[in-house]
Each structure stands twice: as C-alpha cells, then as structure tokens.
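Visitor: I am new to this structure. Please show me how to read its features.

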Amino acid sequence: MLSQKMLALGKKSSAIREIFEYSKKRKAEIGEDKVFDFSLGNPSIPAPKCVEDAIKDLLTTCDSIDLHGYTSAQGDMETRRTIANNIGERFGFAADANLIYMTCGAAASLTITLKAIIEEGDEVILLAPYFPEYKVFAENAGAKVKVVACTGEQFSLDLEALGKAVNKNTRAIIVNSPNNPTGAVLSEDDIKGLAELLNKKQAETGRAVTILADEPYRELAYDGVFVPYIPNYYDNTIVCYSYSKSLSIPGERIGYISVSPRAENAADTFAAVCGAGRSMGYVCAPRLLQRVAKECDGAAPDLTAYDKNRKLLYNSLTEMGYSAVYPDGAFYLFVKALEPNAAEFCERAKKYELLLVPSDSFGVEGYVRIAYCVSYEQIERSLPAFKKLIDEYKEN
Ligand code: PLP
C-alpha cells in the first residue's frame with residue numbers, strides 16, 4: 001500500500017509546472033523564439049560576482065575534506081554568526097546565531113518550521129493570493145488551512161477579515177512580502193496593524209500566533225521601496241529565508257530559518273525546528289553553499305534588468321488596456337484576466353503562444369501571473385501577441 005495522500009500529490013503536478021512542461025513541448029514543435037513562456041519564477045539575471053568568486057576561492061584555498069564534509073545538523077556556526085551579524089547591521093535587529101538553522105531553500109525553511117510548530121488540527125492562515133505550495137506544506141504538517149483574501153487594487157492586508165479569522169485554533173500566519181504572485185510589498189502600516197491585531201488576539205486566547213515571514217524576495221524591491229523587517233514589529237516571528245532569488249541560485253538549494261529571540265519559548269521553538277529538520281532528513285544543508293552564503297549574505301542583486309522588464313511590461317500592457325497590480329518587488333506582474341474564468345483566458349492566450357499562469361491556484365479568481373524574469377527581447381517580441389489577445393476580446 002502507498003500513502004494515498006502522497007500518491008495524489010505526486011500524480012498531480014502544480015499548474016505552473018504543467019505549463020512549463022507544455023512550453024518545452026511547444027518550443028520543440030514551433031521553435032524557441034515563437035513561444036512566450038512566462039510561467040516559471042526562475043531568476044534570469046546572473047548570480048552576483050561574489051558567488052562565483054566565493055566558489056572559486058573556496059575550491060582553491062580550502063581543505064577539500066573539510067569543505068565537502070558534514071556540518072552540524074543546524075549548519076556551520078561561522079555562517080550562522082555572519083547571518084546574525086548582518087541582520088543586526090541591515091535591520092537593526094539582534095538576531096541570535098544559536099537560533100538560526102541552515103536549510104535547502106525557502107521550501108525547506110517553511111516545511112521544517114510548520115512541522116516544528118503545528119499540532120494536528122491547528123489552523124494556519126494564508127493570505128490570498130498566496131504561493132500555492134503553502135497549502136501543501138501546511139496540510140502536510142497536519143494544519144487546517146484558512147484563507148483570508150487581501151483587499152484593494154494593491155492586495156493590502158484586510159485587517160477586519162483577519163480579525164474575524166484568527167481564533168484560539170490559529171497557530172500561524174504566512175506572510176510573503178515582496179509577494180509572489182502580485183509583486184506587492186506590504187507597507188509598514190500594514191505590518192504594524194497586523195502586529196497589533198495578533199498581539200490583541202494572543203492576549204485574548206492565551207495562545208501564541210507565529211508569523212512565518214517567507215522572504216525569498218526580500219532583496220528584490222524597486223525604487224528604494226521600504227520592506228519592513230517583521231521581527232522588528234512582532235515578537236513571535238520566524239523568518240524563512242532563501243538565497244534562491246537574491247543570489248540567482250535556485251538550483252543550489254540554500255536558505256535559513258531564523259527564530260526571533262523575542263519569540264515565546266524561543267529556545268524550545270528552535271529545538272523543535274531541529275527536531276523537525278531531523279525527522280524529515282533536512283540536516284546539514286549543502287556545506288559548500290553554506291560557505292557561499294557566509295561570503296555573500298546580504299549582497300545586493302543588480303535589479304536593472306528586472307526593473308527594465310517590469311517597466312516595459314507594466315507600461316505596455318496598461319497602455320493596451322489591461323489592468324495590473326503595480327509591482328514594487330519580486331519579478332511577477334499580476335494582471336486581470338479579460339474574462340472571469342482565468343483558466344479559459346489562459347487557454348485563449350495560448351493561441352498566441354502566450355503562456356500565463358491562472359490565478360486559481362494562488363487562491364483568487366480572475367487574474368493571471370506573468371513571471372517577467374525572462375529576457376527583455378522575449379517581452380518585446382511578446383507584445384504584439386498581448387495586443388492581439390486584447391483586441392480579440394474587444395471584438396467579441
Ligand atoms: N516561497 C515563495 C513565495 C516562492 O515564490 C518560492 C519559489 O518560487 C519559494 C517559497 C520556494 O523557494 P526555494 O526555491 O528557495 O525553495
């Protein structure tokens with residue numbers, strides 16, 4: 001017998017992966033440059049130079065037995081110390097190296113953290129639109145998922161709806177800013193409002209509610225927009241970080257969990273994180289990459305190319321008549337579909353070889369996500385197709 005839950009999960013790939021597979025097939029049929037694949041959030045700018053320098057340097061100067069050996073389960077202490085110091089310098093927050101756990105990227109950071117804090121039946125709040133895997137991760141940890149929709153053109157927090165949703169069973173809320181799929185960045189007022197609400201709820205129910213701050217896009221913010229560091233505003237916070245997007249190394253699988261020293265039972269929470277990592281076999285993240293993280297943590301990616309793409313796509317589509325969320329961060333544009341059913345809209349877009357992701361798997365209806373981490377030329381070439389698509393709707 002097999003686990004029926006896992007079998008069902010394995011047989012049904014994510015909507016994004018399905019489109020990506022279709023894209024490969026279609027490109028083989030009609031040519032690479034004729035298909036406009038906007039499905040995957042795979043960084044398209046090279047890793048900052050410090051990554052290559054660090055790898056070369058480590059390979060030439062380090063003892064290879066040591067460099068490729070195990071670290072302690074929670075990670076190399078020097079790396080964890082560097083990360084904690086950088087958090088102090090960058091955000092004015094006293095992180096604790098002893099509460100940092102090195103992971104294989106944000107997916108591992110989230111699954112370990114959820115496993116560590118969830119008891120069967122606890123509720124986890126997702127803010128829609130949300131990264132689809134959150135649901136898989138939370139349910140796998142035994143949680144019941146509750147979805148609260150964001151509000152307004154820029155998808156800000158709906159504190160009133162959140163106030164109604166948080167109850168004595170609520171154990172955590174996942175906050176992702178800059179956001180996948182909208183590109184929106186939560187304002188300081190939003191974060192302060194959320195902190196105030198959760199503190200009030202905790203006082204009422206006597207139960208800690210943890211914010212899981214999923215931050216793979218922290219460094220991807222444009223025009224100097226301020227991205228609040230949530231542990232500065234709310235004590236029961238666990239940051240789930242990844243270098244996948246900031247250093248353009250998603251295939252290398254490296255990130256970390258940082259439990260706030262101000263969190264309730266911080267030491268025990270970290271012990272539970274270690275236990276969860278152990279129980280799932282997520283121990284000793286890749287050693288070479290831990291060393292790279294030590295050298296490159298906080299490195300600012302050159303966002304020039306993403307910013308150019310962002311402006312070209314947003315300005316061109318809105319001029320044509322599409323409406324979209326103005327993205328302050330990440331590399332996604334969230335566009336209103338031209339009919340209520342986003343999946344049908346994506347099918348029509350396929351006629352023009354435009355591969356977009358319908359918003360349903362992100363927990364909202366009627367939008368599509370366009371990942372603009374592609375070449376500028378792809379966006380330029382795709383614009384006539386977007387025009388034909390909207391003209392078709394205008395004609396009918
Ligand atoms: N969280 C969000 C919001 C993401 O967009 C992604 C990946 O696209 C992840 C988590 C997973 O990141 P990683 O590749 O570091 O596991």
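Visitor: Which atom of the ligand lies 2.6 Å from a polar side-chain atom of S242?

Guide: A polar contact is a pair of N or O atoms within 3.5 Å; within protein, one must be able to donate a hydrogen and the other to accept it, and residues adjacent in sequence count only if both atoms are side-chain atoms. Here an oxygen atom of the ligand is 2.6 Å from the polar side-chain atom of S242. This is a predicted model, in which local features need pLDDT of at least 70 and side-chain atom pairs count only at pLDDT 80 or more, while totals for chains, interfaces and linings use all residues. Residues are numbered from 1 along each chain as its sequence is written, and side-chain values use heavy atoms, with hydrogens and water left out.

Visitor: Which residues come nearest to the ligand?

Guide: A residue is near a molecule if one of its heavy atoms lies within 4 Å of it. Of the 14 residues around the ligand, the nearest are D214, Y217, S242, S244 and R253. The side chain of D214 has an N or O atom 2.6 Å from a nitrogen atom of the ligand. A107 uses its backbone instead: an N or O atom there lies 2.9 Å from an oxygen atom of the ligand.

Visitor: How is the chain divided into domains?

Guide: Domain bounds come from an automatic or database domain assignment. In this chain, domain 1 covers 4–48 + 302–395, and domain 2 covers 69–296. Their centres, taken over C-alpha atoms, are 27 Å apart.

Visitor: How many residues of each domain are in contact with the other?

Guide: Contact means heavy atoms within 4.5 Å. By that rule, 32 residues of domain 1 touch 31 residues of domain 2. Buried area is the accessible area (1.4 Å probe) that two parts lose on being put together, summed over both. Between domain 1 and domain 2 this area is about 2500 Å², with 62% from carbon and sulfur atoms.

Visitor: Which side chains form the salt bridge between the domains?

Guide: A salt bridge is a side-chain nitrogen of Lys or Arg within 4 Å of a carboxyl oxygen of Asp or Glu. There is 1 between domain 1 and domain 2, and it joins R310 and D223 at 3.0 Å, N to O. The interface also has 12 residue pairs in polar contact, both residues at pLDDT 80 or more. On the side of domain 1 that touches domain 2, helix 12 (304–320) is one of the elements that supply at least two residues; its 4 residues are the largest share. Helices (H or I, at least four residues) and strands (E, at least two) are DSSP runs, numbered from the N terminus.

Visitor: Where does D223 lie, and what is its phi?

Guide: Most residues other than glycine have a negative phi, and most peptide bonds are trans. D223 has a positive phi, near 55°, and is in the loop between strand 6 (210–214) and strand 7 (237–242).

Visitor: Which peptide bonds to P178 and P181 are cis?

Guide: The bond from S177 to P178 is cis, with omega near -5°, and so is the bond from N180 to P181, with omega near 25°. P178 sits in the loop between strand 5 (170–175) and helix 9 (188–205), and P181 lies in the loop between strand 5 and helix 9 too.
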